[in-house]
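Biologist: I have a structure open that I've never looked at before. Could you walk me through how to read it?

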Amino acid sequence: FVISSVLYLVVFMTSSISSMLKKKEESLWQANIQLKQKDRIKDEYVARVTHDIKGHLAVIKMSLDVVSKKFVGDLNDKQAQLVERADARTDRLIDFVQSLLKLTKMRLSNKIPMEVFDLAGTINNSVAEAKERADDCNIKLIIIPDNVDQKIFGNQISIEEIITNILLNSIKYTPPGGRVTLTA
C-alpha cells in the first residue's frame, strides 16, 4: 500500500509539473511571437523615421551648398568656417542616417548583405569618424596600415561600425595627451 501510494503521488506530481511546464512553455512561445511582431513594428518605424530625416538632411545640405558657393553673397572668414563645419557635420550625419537605414532594412529582411569591399577605405572612413573626437580630447590618433590594400568579403557596414566603435572607445578611455594606435 505504501509503495502504491508513493508511486501514485510521484506520478501525480510528475504529471502536474509536466502540465505546468507545458502551459509555461506555451505562454513563453506566445510572448516570443508578440516580441517579434513588436520588434518588426519598431524596425518599420525606424525605417520610416530615418527616411524622413534623410529628406530633411538633403534640404539642409542643399542650403549649405548654396551658402558655401556664395550664391547668396560673400561670407567673412568666420562665417565661411562655420558653414564649412556645418557642411562637414551634415555629410557625416547623412552617412550615419544612410547606414542606419541600411541596417534597418537588413533587420527587416533578415538578410545580411555580403559583398566584396575595400578594407583600406573602410578603415579610412572609421578613422575620419574618430579623428575629430581624438583632436577634441587632445589624443594623437596613429594609423599603421600594414597590407590593407586588399578587398575582403563581408558586411562593410558592420565592419566599419566595429572599427569605429573600437576607436571611439579607445579615445574615450585614453587620458588627454595620450595616443591611440590602429594597426591593420
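**Reading the model step by step**

Modeller: Let's begin with one residue: leaving out residues up to four places away in sequence, Thr50 touches Val97, Leu100 and Leu101. Contact here means heavy atoms within 4.5 Å. This is a predicted model, where local features need pLDDT of at least 70, side-chain atom pairs count only at pLDDT 80 or more, and totals for chains, interfaces and linings use all residues. Residues are numbered from 1 along each chain as its sequence is written, and side-chain values use heavy atoms, with hydrogens and water left out.

Biologist: Is Thr50 buried or exposed?

Modeller: Buried means under 20% relative accessible area, exposed over 50%, and partly exposed in between (1.4 Å probe, protein chains only). Thr50 has a relative accessible area of 3%, so Thr50 is buried. Its place is in helix α1.

Biologist: Which residues of α1 are buried?

Modeller: They are Asp43, Ala47, Thr50, Leu57, Lys61 and Leu64. An α-helix has 3.6 residues a turn, so residues three or four places apart point the same way. In this model, the buried residues of α1 pack against α2 (77-109).

Biologist: There's an Asp in that list. What does Asp43 touch?

Modeller: Not counting residues up to four places away in sequence, Asp43 touches Thr104, Arg107 and Leu108. Asp43 counts as buried because its relative accessibility is 5%. You'll find Asp43 in helix α1, which covers residues 2-68.

Biologist: How do I check a helix's span, and what are the numbers for α1?

Modeller: The expected span is 1.5 Å times one less than the number of residues. With 67 residues, α1 should span 99 Å, and its end C-alpha atoms are 94 Å apart, which agrees. Just after α1, Lys70 takes a positive phi of about 65°.

Biologist: How many helices and strands does the protein have?

Modeller: Helices (H or I, at least four residues) and strands (E, at least two) are DSSP runs, numbered from the N terminus. The protein has 4 helices and 4 strands, and from the N terminus on they run α-α-β-α-β-β-α-β.

Biologist: What does the radius of gyration say about the overall form?

Modeller: That value is taken over C-alpha atoms, and the globule rule is 2.2 Å times the number of residues to the power 0.38. A compact globule of 184 residues would come out near 16 Å, but this protein has 27 Å. Its C-alpha atoms fill a box of roughly 105 × 40 × 35 Å along the principal axes. Of the 184 residues, 20% count as buried.

Biologist: And which contacts span long stretches of sequence?

Modeller: Take the contacts in the protein with a separation of 6 or more: residues 24 or more positions apart account for 84% of them. For a case, try Leu168, in helix α4. Leaving aside neighbours within four places in sequence, Leu168 is in contact with Ala130 and Arg133. The C-alpha atoms of Leu168 and Arg133 are separated by 7.6 Å, with their positions 35 residues apart along the chain. Leu168 is buried, with a relative accessible area of 16%.

Biologist: Where is Tyr173 found?

Modeller: Tyr173 is in the loop between α4 (156-172) and β4 (179-183). With 63% relative accessibility, Tyr173 counts as exposed. The C-alpha atoms of Tyr173 and Ala184, 11 residues apart along the chain, are separated by 21 Å.
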